Every structure is written in structure tokens, then in C-alpha cells.
Amino acid sequence: MRSFIGLALVGLGVFAMAVAGFTRFYIAPQVVAAPADYYKITHLQAANATYFDAGSATTRRGATLTATSTIRGDAAASKRAPDDIVVWDATAVIQDVANDVDLSLYRQRLAFDRRTGQLSRCCGVHVDNDRNVAMAGLGLFWPLDIERKDYQYFDTSTKRPWTMKYSGTETVEGVKTYKFVQTIPATRVPSPVDSVPANLLGRSGTASVPADRYHQATVTYWVDARNGIPVDQQQQVHVTMRPRDGGPGELLLLDMTMRLTPKDKAELVDYADDKATQILLVETIGPVALLIVGAVLVASGLLLGGAKQPRHRRGASGTQRAVPAAG
């Protein structure tokens, strides 16, 4: 009987150790990665913003602007994508709700490595239906094993990556984060119009002047040091129209500093905490616990199965007496 129990314990122990390896090397990579079915809506808000209202041809100052960003994973496209690539669709709209003005809307489709976050050019990716954009660097998703170093991060307005510089550590809502800052100099970008009335540029007359749109920004992310999840962000944006001839004058289209709303920041901190717990469980606590239990079961089984059975001898009265094993 002891032999049977010992063998059973050894079998359970080996099974537990096998599950430990399965958890660490199969389940963990599935959990510690960008989900194909991700869905999230976040809001940023800017107070005291200035922008040009094209509808009324006036400049509005002291406005409160809201940016609503929606990210939705395309699970079906991710299944068809190359190994380890997931596909997300994103939209963002900036509005002056009080004055019922929509300032901008953009749509983007990204494909990226579900662990490193590096962008890929497969799967019909685009920025506002422009499929010729050479996406590179990171975009929306950061590496889960985030490091204290500079990264290249793709900017949808200029349609190219810029350096996201590591700028130290800061605590956000009790979470240790790495701070990254991206500085985008004034860069000419596509514009729905190619000329501006001279008087809007500060020149005399109303004749149209050929002009180009310039985008300038400083983007800051605070990223959870445990898992690469952004828990806060800020965007300082300055957009102008400038005469193409290089002459004097400029039309300010947008000047704002947007920050993640407190509600959304708290939700992202909670999400990052939950993700950190999941990662700790599947990468460390679970496998280590299973290994320890497995080792204890195997050792117990071997000891029990290898223990010597008591010898019996018949006494003078005809009864049997147990004789302890020597040693």
C-alpha cells in the first residue's frame, strides 16, 4: 500500500512541476502581451486653449477642449496576421463641447509585435486612410519589459517617428513610472487648405496667400515601470499656418496643453495594478509555488515508497509480533 501511495505522490509531483513549466513558458507569454481584443476609451482635457474656428473665421481663446481617444482591437485581423502581431484600430476627436465645434478627427490602424510594441507595416495599416505611411517605432503600445532608455515613437500628425527620451522616474498615484518626453519641432504637415487670406496672416488685404500647415508638440508619457502601461500623459500642441514665401505673418490654428483626466488616470492606474498582479502570478508566484509543491510531493513519494516494511515473526504462542527493521 505504501508503495502505491508513494508512486501516486511522485506522479502528482511530476505533474505539478510540468504545470509549472507550462504556466511559465506557455500561459505567461499569452498573458504578458498585448491583447487582440483590447478596448479602451480615454479622455484628455485642455483648459485655456486657443484655436481658430474656421466656421466663424474667428480665434477663440480660453476654451476648454476635450480629446476622446478610442482603441479597439481587431481580433479577427490579428488571427490572420503573422505570428506575434496584433492589430488595433484607433480614433481620436478633439472638440470644444461648449461651442459645439469639432476641431479634428483622425483614424489609425496599427499592427505591432504584441510583446515589444514595434510597429509593422502589414495588415492594412494606415493613418487617415493613407496606406503609404512608413510606420516605425512604437505606437500606442509600450514594451511590457520597459527599460530606462530612449525609444522611437510614431507621431500621427507628422507621420513619422520621433525620439521619446527617457527623462527619469516619477510616482503617479502611488505607482513608480518612467517618464518619457518627445519633442517634435515645427514640421510641415498635410493641410486641407493651401492658402490663407492675407488679413488672417496679419497682412494687408484679403487676397489669398499660399501657406503651409506646421505642427509642433511636446508629448509626455508616464509609463508603469512594472509592465509598460501608460498611466498618464500630456500633450502640448502648437499648430500654425505660415506663408509659403517665407514672408511675415502667421495664423494660429491651435495652442493647447492637454492632460489625461483624473478619472481616466485612476482607471489606468487600477488597470496597471491588475496587470502587474497577473504578470507576477503567471511569471513568478504560480510557477515557483508549483515547483515547490511538486518537489515536496516527489520527495515524499520517494521516501514513502522506499521505506522498509516491518518484518514479522511468530512467537511461541503462535501469534505474530512485529519486529522493527534494523537501522
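**Strand β12 and its partners, with a disulfide**

Within the pairing of strands β11 and β12, Arg213 has Met241 of β12 as its bridge partner. This contact belongs to a predicted model, and it offers a handy starting point for a walk through the strands around β12.

Strand β11 covers residues 208-224, and its pairing with β12 is antiparallel, with 13 bridges between the two. The two strands make a hairpin in which five residues lie between them. Within that turn, Gly228 adopts a positive phi of about 75 degrees.

Strand β12 also pairs with strand β13, which spans residues 251-260. Here again the strands run antiparallel, joined by eight bridges. In this pairing, His238 finds its bridge partner in β13 at Asp255. Strand β12 thus has β11 as one antiparallel partner and β13 as another.

How enclosed is β12 by the rest of the structure? Of the 14 residues that make up this strand (residues 230-243), ten are buried, so β12 is largely enclosed by the rest of the structure. For a residue to count as buried here, its relative accessible area must be under 20%.

Turning to the cysteines, the model contains one disulfide. The disulfide links Cys122 with Cys123, and the S to S distance is 2.4 Å, which falls within the 2.5 Å cut-off for such a pair. The angle about the S-S bond is -65 degrees, making the link of Cys122 and Cys123 left-handed. As for solvent exposure, Cys123 has a relative accessible area of 27% and is therefore partly exposed, since that class lies between the 20% limit for buried and the 50% limit for exposed residues.

Notes:
Residues are numbered from 1 along each chain as its sequence is written. This is a predicted model: local features need pLDDT of at least 70, side-chain atom pairs count only at pLDDT 80 or more; totals for chains, interfaces and linings use all residues. Side-chain values use heavy atoms; hydrogens and water are left out. Buried means under 20% relative accessible area, exposed over 50%, partly exposed in between (1.4 Å probe, protein chains only). Helices (H or I, at least four residues) and strands (E, at least two) are DSSP runs, numbered from the N terminus. Two strands pair if DSSP finds at least two bridges between them.
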